[in-house]
Amino acid sequence: MEELHGYYLEDLEVGMSASYAKTISESDVYLFAGISGDNNPVHINEEYAKTTFFKKRIVHGMFSAALISTVAGTRLPGPGAIYVDQQIKFRAPVYIGDTAKATLTITEIDERRKRVKMNCEVTVGETLVATGEATFMVDKRPA
C-alpha cells in the first residue's frame with residue numbers, strides 16, 4: 001500500500017506547493033448539482049441567471065472548494081491525508097467555460113500533532129475567486 005500513499009509528514013516543508021486546474025463545463029455543473037443536491041437556478045437555469053447580478057449562470061462556489069480537495073487528496077499532501085478543517089471565502093464568480101486553478105501552499109507543520117496548515121487559493125486567470133486556509137492530518141512514515 002506504500003505506493004498509494006502521498007507525502008509523509010517528514011517529507012513536507014513550509015513553502016511546498018501544488019496545483020490543479022480544470023476547465024469547467026456545463027456538464028460538470030449539472031453533475032455537481034446532481035451529486036450535491038444544490039439545484040439553485042443561478043447554476044442551472046440560464047433564463048433565471050440572466051435576472052441576477054451575475055447576468056449568466058455561475059459555477060457552484062463549492063466546486064472551487066472541491067478543486068482544493070483534489071489538490072490535497074491527489075498531490076499535496078496527497079493520498080492518505082485527512083481533511084481536519086477548511087476556511088474559505090468566495091471573492092468572485094466562476095463561469096461555465098472558465099479554467100479554475102486551485103493552489104495549496106504549506107504554511108505550517110505541527111509534527112507533534114501531525115497537522116499541516118495550508119494556504120488555499122483558487123484563481124481564474126489572474127483573478128482570485130476563492131481563498132482560505134485548510135488543516136490536514138498527515139501520517140508519519142511507518143517505522
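How exposed is lysine 114, in terms of relative accessible area? Lysine 114 has a relative accessible area of 36% and is therefore partly exposed, since that class runs between the 20% and 50% cut-offs. We will come back to this residue after a look at the whole chain. Please keep in mind that the model is a predicted one.

**The overall picture**

The protein has four helices and five strands. Following the sequence, you meet them in the pattern β-α-α-α-α-β-β-β-β. Measured out along its principal axes, the C-alpha trace spans about 60 × 30 × 20 Å.

Of the 143 residues, 35% count as buried. The accessible surface comes to about 8,000 Å², and carbon and sulfur atoms account for 52% of it. As for charge, the protein has 16 positive and 19 negative charges, and their mean positions are 4 Å apart. Among contacts between residues at least 6 apart in sequence, 67% join residues at least 24 apart.

The UniProt record, an unreviewed entry, places a feature called "domain: MaoC-like" at residues 18-123. Over that stretch the chain is 32% helix and 34% strand. The C-alpha atoms at the two ends of the stretch are 13 Å apart.

**The nonpolar core**

Next, the inside of the protein. The largest nonpolar core holds 28 residues, and the members that touch the most others are Ile24, Leu104, Val116, Met118, Val122 and Phe136. Helix H1 (26-36) and helix H4 (61-74) each supply at least two residues of this core, as do strand E3 (99-110), strand E4 (115-124) and strand E5 (127-137).

What does valine 122 touch, not counting residues up to four places away in sequence? Its partners are Ser64, Ile68, Ala100, Lys101, Ala102, Thr127, Leu128, Val129 and Ala130.

**Histidine 43 and its surroundings**

Histidine 43 is found in helix H2, which covers residues 41-44. Is histidine 43 buried or exposed? With a relative accessible area of 6%, histidine 43 is buried, because buried means under 20%. Leaving aside neighbours within four places in sequence, histidine 43 is in contact with Val29, Asp38, Arg57, Ile58, Val59 and His60.

**Backbone details worth a look**

Leucine 76 and proline 77 are joined by a cis peptide bond, with omega about 0°. Proline 77 lies in the loop between H4 and strand E2 (82-90).

Two lysines have a positive phi although they are not glycine: for lysine 55 the angle is near 70°, and for lysine 114 it is near 60°. Lysine 55 lies in the loop between helix H3 (46-50) and H4, whereas lysine 114 is in the loop between E3 and E4. Lysine 55 has a relative accessible area of 55%, so it counts as exposed, the cut-off being over 50%.

**Around lysine 114**

Back to the residue we opened with. Leaving aside neighbours within four places in sequence, lysine 114 is in contact with Leu9, Phe136, Met137, Val138 and Lys140. Phe136, one of these partners, also appears among the core members that touch the most others.

Where is tyrosine 8 in the chain? Tyrosine 8 lies in the segment before strand E1 (17-23). Its relative accessible area is 5%, so tyrosine 8 is buried.

Alanine 66, in turn, lies in helix H4. At 30% relative accessibility, alanine 66 counts as partly exposed.

The table sets separation along the chain beside C-alpha distance for three pairs that involve these residues.

| Pair | Separation in sequence | C-alpha to C-alpha distance |
|---|---|---|
| Lysine 114 and phenylalanine 136 | 22 residues | 8.3 Å |
| Tyrosine 8 and lysine 114 | 106 residues | 9.7 Å |
| Alanine 66 and valine 138 | 72 residues | 19 Å |

Tyrosine 8 and lysine 114 are thus 106 residues apart along the chain, with 9.7 Å between their C-alpha atoms. For alanine 66 and valine 138, a sequence separation of 72 residues goes with a distance of 19 Å.

Conventions: Residues numbered from 1 in each chain as written. Predicted model: local features only at pLDDT ≥ 70, side-chain atom pairs only at ≥ 80, totals over all residues. Heavy atoms only, no water. Buried < 20%, exposed > 50% of the residue type's maximum accessible area, 1.4 Å probe, protein only. Contact = heavy atoms within 4.5 Å. Areas by Shrake-Rupley, 256 points an atom, 1.4 Å probe, with all protein chains shown as cover. Lys, Arg positive; Asp, Glu negative; His and termini not counted. Charge placed at Lys NZ, Arg CZ, Asp CG, Glu CD. UniProt positions renumbered as here; feature names shortened; annotations may be inferred. Core = buried A, V, L, I, M, F, W, Y, C linked by side-chain atoms within 4.5 Å.
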